[in-house]
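Got your viewer open? Here's a short walk through what to select and what you'll find there.

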Amino acid sequence: MQRPGFIVNSILIALTFFLLAKLGLILSLIYSNVTLIWLPSGLSLPVLLFGGNKYLPAISTGAFMATFSTGAPIEFAFLTAVGNSLEPLASSYVLKFQKNSENYLSNFKEVIIFFLFSVFLAPLISASIGVFGLCMTGMSPWNNYFNIAFDWWSGNAFGVLTLGSFLIIFFSESNIKVTNYRILELSILLIFLIFTQVTIYFELIPMLVSKPLAWTAYPFLIWASVRFHPRVAISVTGLTILIIIIATINNKGLFNMSSISQSLFLIYGFAAVTILNTLFFIAATSEKNKKNHKNKKINFILIK
């Protein structure tokens, strides 16, 4: 008999998956079922990493209901549920197998594996199965299979890279040491970050609207990665991307183009590069801190 906590968690996971899926489907451009960004893929992987495979039925249920609610054939809804279940299952297995530290994504090896397998390869599973369902049910012609599969894959990959990396780092087991000095330093960082990014992307000073200035956030991201906890670093990165998105929605900023697809392409590209670099910054800092901690232990033993 399942515990009440497990049942409640399963319902919440399925509901969250469903809501994220509906949000993604609002941005559908192709056949009403291929999204520009599929955030549920970024939810499913952390759920299986930290909650275990027992929550796989919740993910499958959320995926099935989200697709079926669009009026799609039940066969297609079933196949999308299978694809959305196998993708995080395979990805979580690889990450768990390769984990060799307390926290996920805390060294270069894990970041590279995460990018190559979780972001690049695993979404191919969902894309290939999902587009097969589109073609099998007559919702898409077979001769357009690979083009649609690429769009499906890119949406899933971006969801894992953004929401997935954020949740994995945020829920990894680690303690945050909070001091008044660190709070003051973080406040200064956020003030300067928000001021510079809002000034540039909301065109408060027209002469500063220049594409090279898109990278002015990087010193702040490096600062956050080197000086603060990984949760703070990834949150600062998320804040930076959020400012860019809000500015673009309001027809402002460096990524505001005449075509929506061009704007999205620039935002996705910038977000992907920024998040990946932040993950490497975090990994470098974590490995350095681990090495320093190890050296301190050795010195203590020698002195003792």
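How many salt bridges does the structure hold? There are two, and since this is a predicted model, think of them as part of a prediction. As a bit of background, side chains of opposite charge can pair when their charged atoms come close.

**Stop 1: the charged trio**

Select Glu185 and Arg182. They form a salt bridge, with the closest N and O atoms 3.9 Å apart. A salt bridge needs a nitrogen within 4 Å of a carboxyl oxygen, so this pair makes the cut-off. Both residues belong to helix H7 (residues 180–201), and because they are three residues apart there, about one helical turn separates them.

Now add Arg227 to your selection. Its side chain meets Glu185 in a salt bridge too, at 2.9 Å from N to O. This pair links distant parts of the chain: Arg227 is in helix H8 (residues 218–227), Glu185 is in helix H7, and their positions lie 42 residues apart in sequence. Through shared partners, Arg182, Glu185 and Arg227 join into one network.

Is Glu185 buried or exposed? Buried, with a relative accessibility of 9%. Arg182 counts as partly exposed at 29%, and Arg227 is partly exposed as well, at 31%.

**Stop 2: arginines over rings**

Keep Arg182 selected and bring up Phe228. The charged end of Arg182 sits over the ring of Phe228, 5.8 Å from the ring's centre. For another example, show Arg231 and Phe170: here Arg231 lies over the face of Phe170, at 5.7 Å from the ring centre.

**Stop 3: ring meets ring**

Time to colour the aromatics. Searching the whole structure turns up 19 aromatic pairs. One of them is Trp142 with Tyr145: the ring centres are 6.4 Å apart and the planes are at 10°, so the pair is stacked. Trp142 is partly exposed, with a relative accessible area of 49%, whereas Tyr145 is buried at 16%.

Next, select Phe255 and Phe270. Their rings form a tilted pair, 5.5 Å from centre to centre with 55° between the planes. Where do the two residues sit? Phe255 is in the loop between helix H9 (230–249) and H10, while Phe270 is in helix H10, 15 residues apart. Both Phe255 and Phe270 are buried. Add Tyr201, Trp215 and Tyr218, and you have a cluster linked with Phe255 and Phe270 by ring pairs.

**Stop 4: a serine in helix H10**

Stay in helix H10 and click on Ser286. Leaving aside neighbours within four places in sequence, Ser286 is in contact with Ser106 and Pro230. Then draw a distance from Ser286 to Val226: they are 60 residues apart in sequence, yet 8.7 Å apart in space, C-alpha to C-alpha.

**Stop 5: zoom out**

Switch to a cartoon view of the chain. What do you get along the sequence? Ten helices and zero strands. Of the 304 residues, 45% are buried. The chain exposes about 16000 Å², with carbon and sulfur atoms supplying 71% of that.

Finally, colour by confidence. The mean pLDDT of the chain is 86, and 88% of the residues reach 70 or more. Among the elements, helix H2 (residues 40–51) has the highest mean pLDDT, 95, and helix H10 (residues 260–303) the lowest, 76.

Methods. Residues are numbered from 1 along each chain as its sequence is written. This is a predicted model: local features need pLDDT of at least 70, side-chain atom pairs count only at pLDDT 80 or more; totals for chains, interfaces and linings use all residues. Side-chain values use heavy atoms; hydrogens and water are left out. pLDDT is the predictor's confidence in each residue, from 0 to 100. Helices (H or I, at least four residues) and strands (E, at least two) are DSSP runs, numbered from the N terminus. Buried means under 20% relative accessible area, exposed over 50%, partly exposed in between (1.4 Å probe, protein chains only). Accessible areas come from the Shrake-Rupley method with a 1.4 Å probe; for residues, only the protein chains shown count as cover. Contact means heavy atoms within 4.5 Å. Rings of Phe, Tyr and Trp (its six-membered ring) pair if their centres lie within 6.5 Å; planes under 30 degrees apart count as stacked, over 60 as edge-to-face and the rest as tilted. A charge sits over a ring if NZ of Lys or CZ of Arg is within 6 Å of the ring centre and within 35 degrees of the ring normal.
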